[in-house]
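This briefing is meant to be read with the structure open beside it. Please follow each topic on the model as you go.

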Amino acid sequence: MRQLIYDYAGGTIDDRPIKSINPGGLSMPHLAADKLDTPMDFESIVAAGSSLGSCGIMVVCEGVNIVELARRTMSFYREESCGKCTPCREGGGWIEKILERIERGEGQLSDLDTIERLTWPIERQSFCPFGAASVWGVRSLLKLFRGDFEAYIQQTNPNGKAPELPVRPIYRPDTGDVAPKVRV
Ligand code: SF4
């Protein structure tokens, strides 16, 4: 990968150090920069922890906001989901919403476990391979750069303030006024 990135593609802008490489497009797991010398064949990339996927290589430089990268990744898949099955249709949107909340400074450290937990049913219970592939990128970012996510949350929400979630009115037909009047 090093030869491809530095010799054939001209390296990174302003020679910025590489933070991670995604060798197979947005849906494949990211690899840390220490995997830069992995040969570009299927077996080697899989052994390193990713896959060649579409072979659309992404290079992430130091200084990139990892929270934003994760959110943009998930936004793409939420948008592209065909909506046929629940884990992919709903799960992608949930993860995106949590990442958006973290990004605007309302994140909590426990959100990271929630995101990680949500990726497993999406991967295992989605109808087609799109569902699984939609979460590999985000989960790998969490695994490789959890410290970056934590630092972002601690910086943007130092008091760990819980977000104000909208309250959904509960429909209870036995509580008089709360229930809608039904005329028959
Ligand atoms: S996993 Fe496949 S079938 Fe299910 S909603 Fe996503 S794209 Fe559609």
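What follows goes through confidence, overall layout, sheet, core, ligand surroundings and one chosen residue.

The model is predicted, and its chain has an average pLDDT of 90, with 90% of the residues scoring at least 70. The chain holds 184 residues, of which 30% count as buried, and its secondary structure comes to 6 helices and 3 strands.

**Confidence**
- Residues 178–182 call for caution, since their pLDDT stays under 50, and the model has 4 contacts for them beyond four places in sequence.

**Overall layout**
- Read from the N terminus on, the elements of the chain follow the order α-β-β-α-β-α-α-α-α.
- Among the contacts in the chain with a separation of 6 or more, 64% are made by residues that are 24 or more positions apart.

**The sheet**
- The 3 strands form an open sheet in the order E2-E1-E3, and their pairing is antiparallel; strand E2 (31–32) and strand E3 (58–61) are the edge strands, each of which pairs on one side only.
- As general background, the strands of a sheet pair through backbone hydrogen bonds, and this pairing can be either parallel or antiparallel.
- Strand E1, which covers residues 18–22, pairs with E3 in the antiparallel sense over 4 bridges; within this pairing, Ile18 has Cys61 of E3 as its bridge partner, while Asn22 stands opposite Met58 in E3.
- E1 is also joined to E2, again in antiparallel fashion, by 2 bridges, and here the bridge partner of Ile21 is Leu31 in E2.
- Why is E1 largely enclosed by the rest of the structure? The reason is that 4 of the 5 residues of E1 are buried.

**The nonpolar core**
- The largest nonpolar core has 30 residues, and those that touch the most other members are Ile66, Ala70, Ile95, Leu99 and Val138.
- At least two residues of this core come from each of helix H2 (42–48), E3, helix H3 (66–80), H4, helix H5 (109–125) and H6, and H6 gives the most, with 8 residues.
- It is a general tendency of soluble globular proteins that nonpolar side chains are buried together.

**Around the ligand**
- The residues around the ligand are Ser81, Cys82, Gly83, Lys84, Cys85, Cys88, Arg89, Ser126, Phe127, Cys128, Phe130 and Gly131.
- Sorted by character, the residues of this shell divide into 6 nonpolar, 4 polar and 2 charged.
- Helix H4 (86–103) and helix H6 (129–156) each supply at least two residues of the shell, and both helices also each supply at least two residues of the largest nonpolar core.

**A closer look at Pro87**
- Pro87 is found in helix H4, and is it buried or exposed? With 21 C-beta neighbours inside 10 Å, Pro87 counts as buried, because the cut-off for a buried residue is 20 or more.
- Leaving aside its neighbours within four places in sequence, Pro87 is in contact with Pro121, Ile122, Gln125, Ser126 and Gly131; of these contacts, Ser126 and Gly131 are also among the residues around the ligand.
- Pro87 and Leu118 are 31 residues apart in sequence, and their C-alpha atoms are 9.0 Å apart in space.

Technical notes
Residues are numbered from 1 along each chain as its sequence is written. This is a predicted model: local features need pLDDT of at least 70, side-chain atom pairs count only at pLDDT 80 or more; totals for chains, interfaces and linings use all residues. pLDDT is the predictor's confidence in each residue, from 0 to 100. Two residues are in contact if their C-beta atoms, placed from the backbone, lie within 7 Å. A residue is near a molecule or strand if its C-beta atom, placed from the backbone, lies within 6 Å of it. Ala, Val, Leu, Ile, Met, Phe, Trp, Tyr, Cys and Pro count as nonpolar, Asp, Glu, Lys and Arg as charged, and the others, Gly among them, as polar. Two strands pair if DSSP finds at least two bridges between them. A nonpolar core is a set of buried Ala, Val, Leu, Ile, Met, Phe, Trp, Tyr and Cys residues joined through C-beta atoms within 7 Å. A residue is buried if 20 or more other C-beta atoms lie within 10 Å of its own, exposed if 12 or fewer, and partly exposed in between; C-beta atoms are placed from the backbone.
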